[in-house]
Amino acid sequence: APAPGNALLRNLNPEQLAAVTLPNRHALILAGAGSGKTRVLTTRIAWLIQTGQISPAGVMAVTFTNKAAKEMLTRLATILPIPVRGMWIGTFHGLCNRFLRAHWKLAALPQSFQILDSQDQLSAVRRVIKAMNLDEERFVPKQVTWFIAGSKEEGLRPRDVTVRDEQTRTLVDIYQAYEDQCQREGVVDFAELMLRTYELMRDQPALREHYQRRFGHLLVDEFQDTNRLQYAWLKMFAGQSNCVFAVGDDDQSIYAFRGAQVGNMSDFEREFHVEHVIKLERNYRSYGNILDSANELIAHNRKRLGKNLRTEAGPGEPVRVYEATSDYAEAQWLLEEAQQLHREGTPRSEIAILYRSNAQSRVLESALFNAGIPYRVYGGLRFFERAEIKHALAYLRLLENPNDDTSYLRVVNFPTRGIGARTIEQLQDAARASGRSLYQSTGAVTGKGGANLAAFNALLDAMRDATRGLTLREIIEHVLEASALTDFYRNEKEGRERLENLDELVNAAEAFVTQEGFGKDAVALPIDEQAGAIAEGDPPAVARADITPDVETGEIVSPLAAFLTHAALEAGDNQAQAGQDAIQMMTVHAAKGLEFDCVFITGLEEGLCPHENSLSDYEGLEEERRLMYVAITRARKRLYLSHSQTRMLHGQTRYNIKSRFFDELPEGALKWITPKVQGFGSGFARDPRAAWAQAPSHGSSFGTAKKIEPKVATSDGVALRVGQSVFHTKFGEGVIVTLEGSGADARAQINFGRHGLKWLALSVAKLTPVD
Ligand code: ATP
Ligand code: MG
């Protein structure tokens with residue numbers, strides 16, 4: 001029994017205290033967000049150790065992210081006067097890695113085995129498919145990797161898979177060949193880490209007994225997101241006599257798409273004969289308005305185990321809702337708000353920016369970067385560090401300088417062009433011998449490899465010729481196509497996000513050109529008499545010249561060279577230094593279990609959140625809602641929700657409706673911030689579009705057709721309205737997005753599809769309504 005006045009237990013409520021000090025039997029703590037599950041789990045570890053029931057080496061605790069594991073260790077270190085670094089606390093993958101490093105011989109692995117990330121895994125599978133002379137159309141590499149990972153997560157080796165048809169037979173053959181290849185090369189993928197550990201425990205009695213004796217207590221956080229293999233793995237370590245302490249929240253199950261099974265909770269209760277199921281109902285994290293929002297939202301889900309959450313903190317501040325006119329405006333507003341919070345005393349590390357998918361981070365990163373605010377991106381690479389972006393940049397660098405060997409090596413065989421390791425070795429030898437670049441040394445390689453290298457050089461030369469005189473946007477688009485990068489990702493089941501990122505690269509380039517004022521002279525010429533196009537906000541006109549003098553120095557520098565420098569800088573420097581106070585950026589998935597004083601949830605638009613891929617089925621929508629629930633419940637003091645009317649995504653401007661989830665929040669807890677004048681402010685001060693963006697905005701919810709839009713009359717007396725289709729003699733058909741000004745000053749922003757968004761002076765432009 002706990003000593004009265006035990007400092008460790010003093011700050012627990014009765015249910016938490018009961019959970020922490022449960023007798024040594026299996027237990028399930030089922031409770032909502034912020035109710036102290038993780039705190040209970042951590043405190044239980046400390047209590048077990050402090051009361052001498054177990055030594056630090058006898059505890060194994062599994063968390064969901066490395067960040068969460070680190071926080072748990074830090075907390076333990078402050079509670080206990082013991083070194084915690086050697087404790088077995090980490091993610092499933094982290095613990096398996098540790099296990100296999102210790103038992104590499106038994107596991108039949110080389111001592112320094114390497115771990116394949118998902119990208120490496122894909123190229124490994126691709127090599128296998130190629131070596132087996134199979135058709136990538138029929139055996140799509142990404143689908144094959146999912147088949148392999150799926151099989152492993154079911155605990156199935158190739159010989160265990162039930163074969164019902166020819167297709168499966170071949171898939172199993174690929175799986176086998178892939179395993180052989182990994183074994184030969186001494187590499188393991190993520191699922192292999194888990195499965196190999198599981199099998200070793202299952203098949204090696206001595207090892208199993210050792211670990212079952214060692215870990216008397218197994219504690220698992222975020223139990224709702226475990227998959228079948230992780231569950232089986234856990235059972236293996238638990239054996240007959242060890243205690244499993246699982247905590248979870250069915251409302252926060254957000255990994256069903258990866259095979260997580262909420263059903264593991266009820267299986268656990270049944271199979272382990274769990275005697276103690278404890279519910280925690282008091283939320284300690286958030287103020288009332290935040291919690292009410294979370295509760296009311298999640299009540300819209302039908303499939304729930306059912307829990308209540310209340311808080312004794314007051315209502316706190318209202319949840320602020322912001323509607324921006326564009327993703328840039330959203331980023332700019334967010335940046336100013338975050339700066340204000342910081343000035344008022346909130347550390348940057350207590351400000352989190354959350355988004356649904358990684359591609360959304362680019363605009364936000366860019367705003368923070370331009371304003372010189374330190375930030376850190378978790379659970380996902382920063383935009384310019386992502387593999388597909390690095391590949392694209394490598395091609396672009398080679399346009400500027402074919403002798404850039406690093407870039408050359410990166411893409412000479414990506415996508416694959418039959419240039420193998422041997423050929424590359426020969427090429428490197430030749431280059432070294434002659435002191436020339438790889439590009440210059442291809443002639444020294446003979447045979448088929450040499451021919452393929454020559455073809456690659458010819459491809460680079462052709463790209464350079466074809467892109468001469470094009471705008472930066474056109475250059476990048478051409479290179480993405482000609483290099484076959486786009487095709488490569490298009491053919492992947494999971495390539496979508498990468499394609500989105502490549503589109504984002506085009507957007508980034510365009511924003512860069514506009515921001516940096518390339519072709520400032522074009523800005524000085526406001527109206528193109530012929531077409532009526534205003535140069536501002538019309539990137540093709542701005543970037544028309546290939547070579548433009550730098551506005552500051554007069555130096556002649558191509559937009560491409562300037563952009564590449566910018567990309568290199570942005571990739572390298574601005575990631576906050578370790579220990580530096582930085583704004584925290586991450587996807588909602590990566591934010592699970594974490595908490596911050598102030599949270600911004602951005603891009604709350606139909607199609608993004610809920611994500612368009614999940615809209616087709618009810619289950620998908622419920623998972624999206626749980627995701628939103630996770631996001632909201634990260635905030636302690638202040639929560640911001642934002643959405644934008646327009647957003648550059650997938651390479652085009654989208655007109656978005658605000659998320660349906662807004663309708664599921666309690667109106668009384670929300671405060672709609674009236675859009676301020678939407679300037680681009682400091683970060684975008686040089687954006688020539690700023691002048692237009694600062695004009696009062698109209699059509700505040702374009703896309704919701706019911707709204708009455710302002711009309712503007714042209715010089716011909718034709719009344720135009722937002723949403724109307726019009727025809728222009730040069731740009732063809734387009735849709736009016738914004739109308740501003742009146743009389744001779746009237747102007748319209750029109751989306752001309754292929755020609756992009758343009759501002760037109762209505763007194764000059766000839767527009768004919770088409771509907
Ligand atoms: P999630 O579901 O988001 O993972 P959780 O249930 O794990 O949340 P914790 O992170 O453990 O919740 O706790 C939420 C916050 O409430 C933490 O800051 C924690 O320190 C605090 N807290 C928990 N219990 C108490 C308590 N009894 N007294 C004071 N603060 C508490
Ligand atoms: Mg937690």
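User: What share of the contacts in the protein chain with a separation of 6 or more comes from residues 24 or more positions apart?

Analyst: Those residues account for 73%, where a contact means two C-beta atoms, placed from the backbone, within 7 Å. The model is predicted: local features need pLDDT of at least 70, side-chain atom pairs count only at pLDDT 80 or more, and totals for chains, interfaces and linings use all residues. Residues are numbered from 1 along each chain as its sequence is written, while chains are lettered from A and ligands numbered from 1 in the order in which they are written.

User: Why is Ala33 called buried?

Analyst: A residue is buried if 20 or more other C-beta atoms, placed from the backbone, lie within 10 Å of its own, exposed if 12 or fewer, and partly exposed in between. Ala33 has 25 such neighbours, so Ala33 counts as buried. Ala33 sits in the loop between strand S1 (27-31) and H3; helices (H or I, at least four residues) and strands (E, at least two) are DSSP runs, numbered from the N terminus. Beyond four places in sequence, its contacts are Asp249, Gln252, Ala294 and Thr633.

User: What is the status of Gly36, buried or exposed?

Analyst: Gly36 is buried because 24 C-beta neighbours lie inside 10 Å. The loop between S1 and H3 holds Gly36. With neighbours up to four places away set aside, Gly36 is in contact with Gln16, Leu280 and Tyr284. In an unreviewed UniProt entry, the positions listed for "binding site" include Ala33 and Gly36; such annotations may be inferred rather than shown by experiment.

User: Which residues are closest to ligand 1?

Analyst: Gly36, Lys37, Thr38, Arg39 and Tyr284 are the closest of the 19 residues around ligand 1; a residue is near a molecule if its C-beta atom, placed from the backbone, lies within 6 Å of it. Helix H3 (residues 37-50) gives the largest share of this shell, three residues.

User: Why is Asn457 called partly exposed?

Analyst: Asn457 has 19 other C-beta atoms within 10 Å, so Asn457 is partly exposed. Asn457 belongs to helix H19 (residues 447-466) and touches Tyr439 and Thr442, leaving aside neighbours within four places.

User: How do you know that the span of helix H16 agrees with what is expected?

Analyst: The expected span is 1.5 Å times one less than the number of residues. For the 14 residues of H16 (residues 387-400) that gives 20 Å, and the end C-alpha atoms are 20 Å apart, so the two agree. In addition, 11 of the 14 residues are buried, so H16 is largely enclosed by the rest of the structure.

User: What makes the largest nonpolar core a core, and how many residues has it?

Analyst: A nonpolar core is a set of buried Ala, Val, Leu, Ile, Met, Phe, Trp, Tyr and Cys residues joined through C-beta atoms within 7 Å. The largest has 74 residues, and Ile45 is one of those with the most contacts inside it. Apart from this core lies another, of 60 residues, including Tyr322 and Phe600.

User: What makes the phi of Ala108 and the bond between Phe414 and Pro415 worth a remark?

Analyst: Most residues other than glycine have a negative phi, and most peptide bonds are trans. Ala108, not a glycine, has a positive phi near 60°. Phe414 and Pro415 are joined by a cis peptide bond, with omega about -10°. Ala108 is exposed because 11 other C-beta atoms lie within 10 Å.
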